[in-house]
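User: Please take a close look at a single residue in this model and at what surrounds it. A connected account is preferred to a list.

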Amino acid sequence: MADKDKAKKQVPLRLSASLYEEIARWAEDEFRSVNGQIEYLLTEAVRQRRKGRKKDDE
């Protein structure tokens, strides 16, 4: 990976208390931090979106 891909950006994020608690429980179930869980979920969402675009292009 290029250094650019390894660099982490800080992004302020506001969540409702109920959403935060749900993500925190989910993260605990999967042995991740809340931050790690959010990053995982966003990565998966982007991966699925890219996958969907490839199907549309065919």
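Analyst: The residue chosen here is Gln37, which has its place in helix α3 (residues 34–57). Helices in this account are DSSP runs of H or I with at least four residues, strands are runs of E with at least two, and both are numbered from the N terminus. The model is predicted, so local features need pLDDT of at least 70 and side-chain atom pairs count only at pLDDT 80 or more, while totals for chains, interfaces and linings use all residues. Residues are numbered from 1 along each chain as its sequence is written, and side-chain values use heavy atoms, with hydrogens and water left out.

Is Gln37 buried or exposed? Gln37 is buried, at a relative accessible area of 0%. Buried means under 20% relative accessible area, exposed means over 50%, and partly exposed lies in between (1.4 Å probe, protein chains only). Across the 58 residues of the chain, 10% count as buried.

Which residues does Gln37 touch, once its neighbours within four places in sequence are left aside? Gln37 is then in contact with Ile23, Trp26, Ala27, Glu30 and Arg32, where contact means heavy atoms within 4.5 Å. For one of these, Ala27, the C-alpha atom lies 5.4 Å from that of Gln37, although the two residues are ten apart in sequence. With Arg32, the side chain of Gln37 makes a polar contact of 3.0 Å. A polar contact is a pair of N or O atoms within 3.5 Å; within protein, one must be able to donate a hydrogen and the other to accept it, and residues adjacent in sequence count only if both atoms are side-chain atoms.

Arg32 has a further partner, since its side chain meets that of Glu30 in a salt bridge of 2.3 Å, N to O. A salt bridge is a side-chain nitrogen of Lys or Arg within 4 Å of a carboxyl oxygen of Asp or Glu. Both members of this pair are partly exposed, Arg32 at 30% relative accessibility and Glu30 at 34%. Glu30 and Arg32 are also among the contacts of Gln37.

Phe31 is found in the loop between α2 and α3. Phe31 has a positive phi of about 55° although it is not a glycine. At 78% relative accessibility, Phe31 counts as exposed.

The structure holds four salt bridges, including two that lie within helices. In helix α3, Glu44 pairs with Arg47, the closest N and O atoms being 2.4 Å apart. Glu44 and Arg47 are three residues apart in that helix, so about one helical turn separates them. Glu44 is partly exposed at 23%, and Arg47 is partly exposed at 46%. In helix α2, the side chains of Arg25 and Glu22 meet at 2.7 Å, N to O. Arg25 and Glu22 are likewise three residues apart, and therefore separated by about one helical turn. Arg25 has a relative accessibility of 46%, and Glu22 has a relative accessible area of 46%; each counts as partly exposed.

Tyr20 also lies in helix α2 and is partly exposed at 38%. Together with Leu13, Leu15 and Leu19, Tyr20 makes a nonpolar surface patch of about 350 Å². Patches are made of residues with over 30% relative accessible area and no salt bridge: like charges are joined within 9 Å, nonpolar side chains (Val, Leu, Ile, Met, Phe, Trp, Tyr) within 5 Å. Accessible areas come from the Shrake-Rupley method with a 1.4 Å probe, and for residues only the protein chains shown count as cover.

As for the chain as a whole, its secondary structure comes to three helices and zero strands. Its accessible surface is about 5800 Å², with 52% belonging to carbon and sulfur atoms. The mean pLDDT, the predictor's confidence in each residue from 0 to 100, is 90 for the chain, and 90% of the residues score at least 70. Confidence is highest in helix α2 (residues 17–29), at a mean of 98, and lowest in helix α1 (residues 3–6), at 74.
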